[in-house]
Amino acid sequence: MKIVEFKRYSWTTQGALIRIRKGLNLRLVLFSPNEIFNELLTFAYKHDIQTSKSKDYQLLERRSKYITKEKTL
């Protein structure tokens, strides 16, 4: 694995693009538990793989935290 890029693929869909040194790149989109992206991020940090998050993806992260906060109230 060379780099993991977190992106927004539609208005509210989070996704990740895993770039591999040799071979095809993997695109992860439309997973039902959004926890997979957190697990992928921790895997990348644990194994010293470079990561990047687009501004749109960061916006979706902030939005999801705000929505879960409202649901608990």
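Q: What pattern does the protein follow when you read along the sequence?
A: Strands and helices are the pieces here: helices (H or I, at least four residues) and strands (E, at least two) are DSSP runs, numbered from the N terminus. The model is predicted: local features need pLDDT of at least 70, side-chain atom pairs count only at pLDDT 80 or more, and totals for chains, interfaces and linings use all residues. Residues are numbered from 1 along each chain as its sequence is written, and side-chain values use heavy atoms, leaving out hydrogens and water. With two helices and four strands in the protein, the pattern reads β-β-β-α-β-α.

Q: In what order do the four strands form the open sheet?
A: Strands of a sheet pair through backbone hydrogen bonds, either parallel or antiparallel. Two strands count as paired if DSSP finds at least two bridges between them. In this open sheet the pairing is mixed, and the order is β3-β2-β1-β4.

Q: Which are the edge strands?
A: Look at the order β3-β2-β1-β4 again. An edge strand here pairs on one side only, and that fits β3 (26–29) and β4 (50–53).

Q: How many bridges join β1 to β2?
A: These two strands run antiparallel. One partnership to look for is isoleucine 3 with arginine 19 in β2. The bridges joining β1 to β2 come to six.

Q: Which strands does helix α1 touch as it packs on the sheet?
A: Contact means heavy atoms within 4.5 Å. Angles run from 0 to 180 degrees between N-to-C directions, with axes being lines fitted to C-alpha atoms, for helices over the stretch in contact. Helix α1 (residues 35–46) has a direction about 30° from that of β2, and the strands it touches are β1, β2, β3 and β4.

Q: At about what angle to β1 does α2 run?
A: The second helix also meets the sheet, lying across β1, β2 and β4. Its angle to β1 is about 65°.

Q: How many aromatic pairs does the count come to?
A: Rings of Phe, Tyr and Trp (its six-membered ring) pair if their centres lie within 6.5 Å; planes under 30 degrees apart count as stacked, over 60 as edge-to-face and the rest as tilted. By that rule, the count is one.

Q: Are the rings of phenylalanine 6 and tyrosine 57 stacked, edge-to-face or tilted?
A: Their centres are 5.3 Å apart, and their planes sit at 35°. The pair links distant parts of the chain, 51 residues apart: phenylalanine 6 is in strand β1 (residues 3–8) and tyrosine 57 in helix α2 (residues 55–72). Because the planes are at 35°, the pair is tilted.

Q: Is phenylalanine 6 buried or exposed?
A: Buried means under 20% relative accessible area, exposed over 50%, and partly exposed in between (1.4 Å probe, protein chains only). Its ring partner, tyrosine 57, has a relative accessible area of 2% and is buried. Phenylalanine 6 has 1% relative accessibility, so it counts as buried.

Q: How many salt bridges does a search of the whole structure find?
A: Side chains of opposite charge can pair when their charged atoms come close. For a salt bridge, a side-chain nitrogen of Lys or Arg must be within 4 Å of a carboxyl oxygen of Asp or Glu. One of them joins glutamate 61 and lysine 53 (3.0 Å, N to O), and lysine 53 is partly exposed at 31%. The search finds three.

Q: Which residues are linked in a network of salt bridges?
A: Glutamate 5 meets lysine 7 in a salt bridge at 3.5 Å, N to O, and another joins glutamate 5 to arginine 19, with the closest N and O atoms 3.1 Å apart. Glutamate 5 lies in strand β1 and arginine 19 in strand β2 (residues 14–19), so this pair ties together parts 14 residues apart in sequence. The linked residues are Glu5, Lys7 and Arg19.

Q: Is glutamate 5 buried or exposed?
A: Its salt-bridge partners are partly exposed: lysine 7 at 29% and arginine 19 at 28%. Not counting residues up to four places away in sequence, glutamate 5 touches Gly15, Ala16, Leu17, Arg19 and Ser52. With a relative accessible area of 15%, glutamate 5 is buried.
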